[in-house]
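Please examine the sequence and the three-dimensional structure shown below. The paragraphs that follow explain how some parts of the chain are arranged relative to one another.

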Amino acid sequence: MVLAALTAGAVEDAERRALTRPLAEVERDALARPAARDAVAALAPTDRVKIIAEVKRASPSRGVLAEIPDPALQAGLYQQGGASAISVLTEERRFGGSLADLEAVTAAVQLPVLRKDFIASAYQVFEARAAGADLALLIVAGLEDKLLRELYNLILELGMTPLVETHAEDELERAIDLGASLIGVNARNLHTLELDRDLFGRLVDRIPASAVKIAESAVLSPDDVRRYRSAGADVVLIGEALVTNDPVETLAAYLEAGA
């Protein structure tokens, strides 16, 4: 299955990096970082939709999207355009990302930054904080309960915020059981790569009022943002549409649609 292969590859790449940069060194660097930015406050619900803007070169479903030679510049445009947080794809094999991208972005912006990857080991969590990430993604479908909770708690211990991603009712219940402050519903099934544009609308009422509700994927026009906002999204995560169009103009149109 796609998710299993992506997760296995991400863990294998992390293990390769650990051969030259041992866990103790990464942990030291993570703990030496200044305090993480408050992502929950930055994404808290208001009378307007908020946007997590993504630095994303490619995806398994769409192939190459954009070269993005300067991820820091791209993220700076997102900040200028009104994004509330930045997401950086760091997966190497299918998304063309890297930890260097994450480090460049965290140094360039004042917004909270998410490490978006297939995180399934403590090493990857420490890497995220060492690179300056303020949030780390946990995909419920790719993690057994014990590991999910261990990684969730480690992210919190390092001062970061977990973004807990779901795409099914049972996964949402697991995210709720964790007490997650940020819960994402991804319209793309990561096992099959199929899109379900109505999934967020079906699940949103089950998300506790105490959690920030984040809609992910299937955003290619202002109407898509408007639809998610009408369904109850506090935040929309957008990648492809921002890297294939003028990011500042596109953000302005999407923010207006979600007003």
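Angles from 65 to 115 degrees between two axes count as roughly perpendicular. With this range in mind, one may turn to a pair of helices in the structure, which is a predicted model. Two packed helices are described by the angle between their axes and the distance between the axes. Helix H1, residues 2–20, and helix H6, residues 122–130, have axes that come within 9 Å and cross at roughly 70°. H1 and H6 are therefore roughly perpendicular to each other. On the side of H1, the contact is formed by Ala 10, Val 11, Ala 14, Arg 17 and Ala 18, while H6 contributes Tyr 123, Gln 124 and Glu 127. Sorted by class, the residues of this contact between H1 and H6 are five nonpolar, one polar and two charged.

A second helix to consider is H8, which spans residues 169–178. Which residues of helix H8 are buried? They are Glu 171, Leu 172, Ala 175 and Leu 178. When H8 is viewed down its axis, these buried residues fall within an arc of 115°, so they line one face of the helix. Asp 170 and Asp 177, on the other side of H8, are exposed. The buried residues of H8 are covered by elements that include helix H7 (145–157), strand E7 (161–166), strand E8 (182–186) and helix H9 (199–203). Just after H8 comes Gly 179, which takes a positive phi of about 85°.

The aromatic rings deserve attention next. How many aromatic pairs does a search of the whole structure find? The search finds two. In one of them, the ring centres of Phe 95 and Phe 118 are 5.9 Å apart and the ring planes stand at 40°, so the pair is tilted. This pair links distant parts of the chain, 23 residues apart. Phe 95 belongs to the loop between strand E4 (85–89) and helix H5 (99–108), and Phe 118 to the loop between strand E5 (113–116) and H6. Both Phe 95 and Phe 118 are buried.

Phe 200 and Tyr 228 also form a pair: their ring centres are 5.7 Å apart and their planes are at 80°, so the pair is edge-to-face. Phe 200 lies in helix H9 and Tyr 228 in helix H10, residues 222–231, so the pair ties together parts of the chain that are 28 residues apart in sequence. Phe 200 is buried, as is Tyr 228. Helix H9, which holds Phe 200, is also among the elements that cover the buried residues of H8.

Notes
Residues numbered from 1 in each chain as written. Predicted model: local features only at pLDDT ≥ 70, side-chain atom pairs only at ≥ 80, totals over all residues. Heavy atoms only, no water. Axes fitted to C-alpha atoms, helices over the stretch in contact; angles between N-to-C directions. Helix = DSSP H or I, 4+ residues; strand = E, 2+ residues; numbered from the N terminus. Parallel < 35°, antiparallel > 145°, perpendicular 65-115°, else oblique. Contact = heavy atoms within 4.5 Å. Nonpolar A, V, L, I, M, F, W, Y, C, P; charged D, E, K, R; others polar. Buried < 20%, exposed > 50% of the residue type's maximum accessible area, 1.4 Å probe, protein only. Arc of directions from axis to C-beta. Phe/Tyr/Trp six-rings, centres within 6.5 Å; stacked < 30°, edge-to-face > 60°.
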